[in-house]
Amino acid sequence: MKTLVCILRFLAHVRRTVQQIYTVQYLRGIAAIAVLVFHVSERHNLGFSVGAAGVDLFFVISGFIMWITTDGTAMTPGHFVQKRVKRVVPLYWVVTFATFAALLVKPAFFFNHDGSLQNLLGSLFFLPHLQDGLHPIVVQGWTLTYEMVFYLVFSLTLFFREHTTRLTLAIGSLCIMCLSSLLLDWPYLRALTSPVILEFAAGLLIGRAFVRGPDCPTWVCIGLAAVALICLAAATAFDADLPRAIRWGVPSALLVLAAVMWERRRNVQPSSMLLFLGNASYSIYLWHVLFGVAIVALLLRSGIPHWAFPPIEVAAALGLSLIAYVYVEKPLGRVINRRFQSRRRDPLATSNA
């Protein structure tokens with residue numbers, strides 16, 4: 001009887017994972033807006049450095065989602081990579097080409113951007129110019145290189161079906177990669193094996209805990225969230241040389257853990273606005289810098305006082321990014337999905353391609 005209860009409980013968790021987890025979507029929207037505000041703050045020297053933690057929150061969420069969407073499934077490495085490429089690459093290429101065109105027309109508007117053809121090609125294939133870190137055409141796109149590295153590592157674990165083996169291999173591989181730069185002195189290797197990739201490992205562990213772990217009491221969830229928020233708020237007081245994976249990554253992991261375990265115990269009422277922002281988070285993240293540059297260029301010619309620039313820039317960049325989500329990302333996704341579906345239906349598609 002006890003075994004049956006455990007099996008039913010596990011199946012309930014599996015069913016829950018295939019549904020939308022509202023708190024994760026909310027955090028994705030918050031993370032994207034935090035990065036947007038961070039870049040606006042950086043442009044106007046306002047000191048909102050905590051917004052940079054939105055990237056780390058994305059990394060933890062990415063690890064979490066990759067685990068819960070593959071746990072207990074028979075997904076192959078090829079199918080996994082295909083799904084991730086379909087999701088990430090098309091819109092990234094659209095924004096990259098749009099930013100490159102803007103660089104050609106008005107290079108003075110883009111401070112410290114490398115608009116060379118070589119960097120364009122490198123950016124399209126997630127191997128951009130190296131300049132104190134990865135520096136693609138879409139400057140915030142450096143994170144996608146780490147996402148692709150993680151996807152590649154994680155896809156290889158899908159050759160194994162036993163979940164503990166997969167988890168051990170994935171986390172062990174990420175840890176070994178972090179140590180490899182100590183043995184091989186190659187700038188690109190040092191960049192690609194930054195300790196920040198351990199934030200994906202934290203997301204994997206949280207995913208495992210969500211699907212198969214014990215329940216987390218409500219007071220523990222509240223405590224974890226409080227500690228995370230306090231650490232984020234006080235991060236500027238920490239040593240500036242503290243690794244990003246600790247300074248921003250640990251609080252981000254605690255926040256994700258608290259949110260998903262809270263939702264596993266309780267019914268979270270969906271918020272249409274927060275879900276919309278979460279669904280649009282990728283567009284917000286990719287478009288906001290380009291839109292921000294265009295908005296500042298217009299504001300400089302408008303006669304509006306400089307102190308009013310930041311709120312206008314945040315509101316306008318966010319609004320335009322949401323429009324881009326509705327009229328660019330969603331239609332593009334439908335076209336890509338139809339294309340892949342037609343190729344699966346056509347047995348000669350592969351040979352004719």
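Me: Which element gives the largest share of the lining of the largest cavity?
Reply: H13, with three residues. Helices here are DSSP runs of H or I, at least four residues long, numbered from the N terminus. A cavity is a set of points on a 1 Å grid, over the protein atoms alone, where a 1.4 Å probe fits but cannot get out; lining residues have an atom within 4 Å of a point.

Me: What should I know about the model first?
Reply: It is a predicted model: local features need pLDDT of at least 70, side-chain atom pairs count only at pLDDT 80 or more, and totals for chains, interfaces and linings use all residues. Residues are numbered from 1 along each chain as its sequence is written, and side-chain values use heavy atoms, leaving out hydrogens and water.

Me: How many cavities of 30 Å³ or more are there?
Reply: One, across the whole structure. Its volume is about 40 Å³, taken as the space filled by probe spheres set on the points, which are joined across faces, edges and corners.

Me: Which residues line it?
Reply: Val 95, Thr 99, Phe 110, His 113, Ile 137, Val 138, Val 139, Gln 140, Leu 286, Val 289 and Leu 290. Helix H4 (77-105) and helix H13 (281-299) are the elements that give two or more residues to this lining.

Me: What classes are in that lining?
Reply: Eight nonpolar, three polar, no charged.

Me: Switching to Tyr 92. Buried or exposed?
Reply: Buried, at 1% relative accessibility. The cut-offs are under 20% for buried, over 50% for exposed and partly exposed in between, with a 1.4 Å probe and protein chains only. Tyr 92 is in helix H4.

Me: What is Tyr 92 in contact with, beyond its neighbours within four places?
Reply: Ser 123, Phe 126, Pro 136, Val 138, Gly 141, Leu 144, Tyr 282 and Leu 286. Contact means heavy atoms within 4.5 Å. Of these, Val 138 and Leu 286 also line the cavity.

Me: How many disulfides?
Reply: Zero, counting a pair of cysteine sulfur atoms within 2.5 Å.

Me: Why no bond for Cys 178?
Reply: Because the closest cysteine sulfur, in Cys 175, is 6.5 Å from its own, too far for a bond. Cys 178 is buried, at 15% relative accessible area.

Me: And Cys 216, how far is the nearest cysteine sulfur?
Reply: 3.8 Å, in Cys 221; Cys 216 is in no disulfide. Cys 216 counts as buried, at 11%.

Me: Last one. What span should helix H9 have?
Reply: 21 Å for its 15 residues (198-212), at 1.5 Å a residue. The rule is 1.5 Å times one less than the number of residues. The end C-alpha atoms are 21 Å apart, which agrees. Buried residues of H9 include Phe 200, Leu 204 and Phe 210.

Key: On a 1 Å grid over the protein atoms alone, a cavity is a set of points where a 1.4 Å probe fits but cannot get out, and a pocket is an open set with protein on both sides within 12 Å along at least five of seven lines; lining residues have an atom within 4 Å of a point. Ala, Val, Leu, Ile, Met, Phe, Trp, Tyr, Cys and Pro count as nonpolar, Asp, Glu, Lys and Arg as charged, and the others, Gly among them, as polar.
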